[in-house]
Amino acid sequence: MKVLVINCGSSSLKYQVLDMTNETLLAKGLVERIGIEGSIISHEKIGMDKFKLTTPMETHKDAIKHVLDALMDPEHGVVTSMDEIGAVGHRVVHAGEKYASSVLINEDVINALEECVELAPLHNPPNLLGIAACQELMPTTPMVGVFDTAFHQTMPPESYIYAIPYEYYEKYGIRRYGFHGTSHKYVAERTADILGVNIKDLKIITCHLGNGASVSAIKRGVCIDTSMGFTPLEGLVMGTRSGDIDPAIVSFIRQKENLPAGESTNILNKKSGVLGISGVSSDFRDLEVAVAEGNERAALALKVFAHKVRFYIGAYIAEMNGVDAIVFTAGVGENDINMRDVICSELGNLGIKLDLVKNKVRGKETIISREDSKVKILLIPTNEELMIARDTFNIVKGL
């Protein structure tokens with residue numbers, strides 16, 4: 001079965017096609033500037049050069065139509081007709097407490113995701129647009145929703161309940177949900193495979209470190225805690241997000257700066273994090289260049305980030321009463337050699353010892369801990385698209 005994976009943003013769309021008989025990636029691409037002048041699709045059939053097409057795309061339906069055309073293109077395509085696509089897997093950011101696993105999309109699922117729009121106003125609407133467009137263009141093809149929040153639904157109440165009046169949880173669903181769940185699930189399962197140990201016998205801490213970042217505690221194959229919360233703003237310091245702060249800061253800044261309603265939240269989401277500290281950039285590569293040039297605030301931003309990652313690693317070791325493996329993934333986790341070193345350098349007393357030679361690698365699946373390290377340290381490139389395709393395939397093949 002060939003599976004099409006769709007990941008819709010507000011003005012962009014990422015896609016892949018995988019042959020699930022052997023989990024081979026056949027094609028991938030990106031549509032940018034949907035509804036904006038200069039719309040462009042970049043398509044790559046694996047083994048061939050990428051081609052780009054600039055053409056107006058006013059809606060997500062227009063974008064998906066161009067994706068399907070590219071997939072059927074005589075030269076760059078990978079199917080001769082849409083009948084060869086056995087299923088479509090959609091990445092959906094927020095499913096609230098509705099779903100603890102991926103599901104076949106039907107009217108009830110659509111309604112549930114629409115109810116979650118207020119919990120993820122920037123993400124769920126474009127996700128729903130992508131689903132609607134695919135349903136219109138591929139009406140007989142089964143579709144599966146794979147949710148960022150689903151993997152974290154195994155958290156116990158003591159991990160997800162906030163210490164605010166309980167009625168707010170009951171009335172509005174205010175609780176910790178967690179995100180990046182598809183990534184955390186994938187690298188945890190790969191960790192068990194690489195170590196040759198049943199995941200139910202492992203305690204794993206997964207560190208998804210990128211412009212958005214989160215850490216999860218995975219005990220015996222299930223998530224018991226994660227750093228992101230009601231929204232992706234909680235937890236680690238990130239590219240532009242503040243992460244954990246004293247809640248009173250919000251009203252204090254609003255009063256001191258005489259800000260309009262909502263602006264303080266905008267500051268915490270888009271003007272904070274390592275960008276806010278450094279004043280340079282939200283890109284960690286830019287910060288490292290600035291550090292090399294003697295920029296002290298850029299150096300401070302990187303130290304604050306590493307400190308917060310260590311904080312959560314230590315907390316989750318305590319919560320799980322130990323750890324067998326720590327995994328680094330996503331853009332920073334996979335590629336920033338120095339950041340992995342800085343994070344691990346202060347964890348030696350916990351039996352966590354990084355091999356500085358093995359650590360000199362980027363984007364490669366490997367063990368980077370020393371032989372005498374009590375805790376295995378792994379670098380595993382995340383593959384959320386493969387995880388989505390797997391869930392989609394497994395659900396559809398059972399129909």
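**How the labels earn their names**

Author: Let's start with one residue pair: Leu-104 has Val-144 as its bridge partner in S8. Keep in mind that this is a predicted model.

Reader: How do you know that S7 and strand S8 pair?

Author: Count the bridges: there are two between S7 and S8 (residues 143–147), in the antiparallel sense. Pairing takes at least two bridges, so S7 and S8 qualify.

Reader: And what makes S5 and S7 edge strands?

Author: Look at the order of the open, eight-stranded, mixed sheet: S5-S4-S3-S2-S1-S6-S8-S7. Strand S5 (51–54) and strand S7 (103–104) each pair on one side only. As for helices, H1 (residues 60–71) lies across S1, S2, S3, S4 and S5, at about 35° to S2. Helix H14 (residues 384–397) lies across S1, S2, S6, S7 and S8, and runs at about 125° to S6.

Reader: Why is strand S11 called largely enclosed?

Author: Because four of its five residues (222–226) are buried. S11 runs antiparallel to strand S10 (residues 213–219), joined by four bridges; one bridge partner pair is Lys-219 and Val-222. The hairpin of S10 and S11 has two residues between the strands, and there Arg-220 takes a positive phi near 55°.

Reader: What makes the aromatic pair of Tyr-99 and Phe-147 stacked or edge-to-face?

Author: The search of the whole structure finds eight aromatic pairs. For Tyr-99 and Phe-147, the centres are 5.5 Å apart and the planes are at 20°. The distance is within 6.5 Å and the angle is under 30 degrees, so the pair is stacked. It links distant parts of the chain, 48 residues apart: Tyr-99 sits in the loop between S6 and S7, Phe-147 in strand S8.

Reader: Are those two rings buried or exposed?

Author: The cut-off for buried is under 20%, so Tyr-99 at 17% relative accessibility counts as buried. Phe-147, at 2%, is buried as well.

Reader: How do you classify the aromatic pair of Phe-311 and Tyr-312?

Author: The centres are again 5.5 Å apart, but the planes are at 80°. That angle is over 60, so the label is edge-to-face. Tyr-312 has a relative accessible area of 9%, so it is buried. Phe-311 has 46%, between 20% and 50%, so it is partly exposed.

Reader: What sits over the ring of Tyr-160, and how do you know?

Author: The charged end of Arg-175 does, at 3.7 Å from the ring centre. Ring pairs also link Tyr-160 with Tyr-166 and Tyr-169 in a cluster. Likewise, Lys-308 lies over the face of Phe-311, 4.7 Å from the ring centre. Both distances are within the 6 Å limit.

Technical notes:
Residues numbered from 1 in each chain as written. Predicted model: local features only at pLDDT ≥ 70, side-chain atom pairs only at ≥ 80, totals over all residues. Heavy atoms only, no water. Contact = heavy atoms within 4.5 Å. Axes fitted to C-alpha atoms, helices over the stretch in contact; angles between N-to-C directions. Buried < 20%, exposed > 50% of the residue type's maximum accessible area, 1.4 Å probe, protein only. Phe/Tyr/Trp six-rings, centres within 6.5 Å; stacked < 30°, edge-to-face > 60°. Lys NZ or Arg CZ within 6 Å of the ring centre and 35° of its normal.
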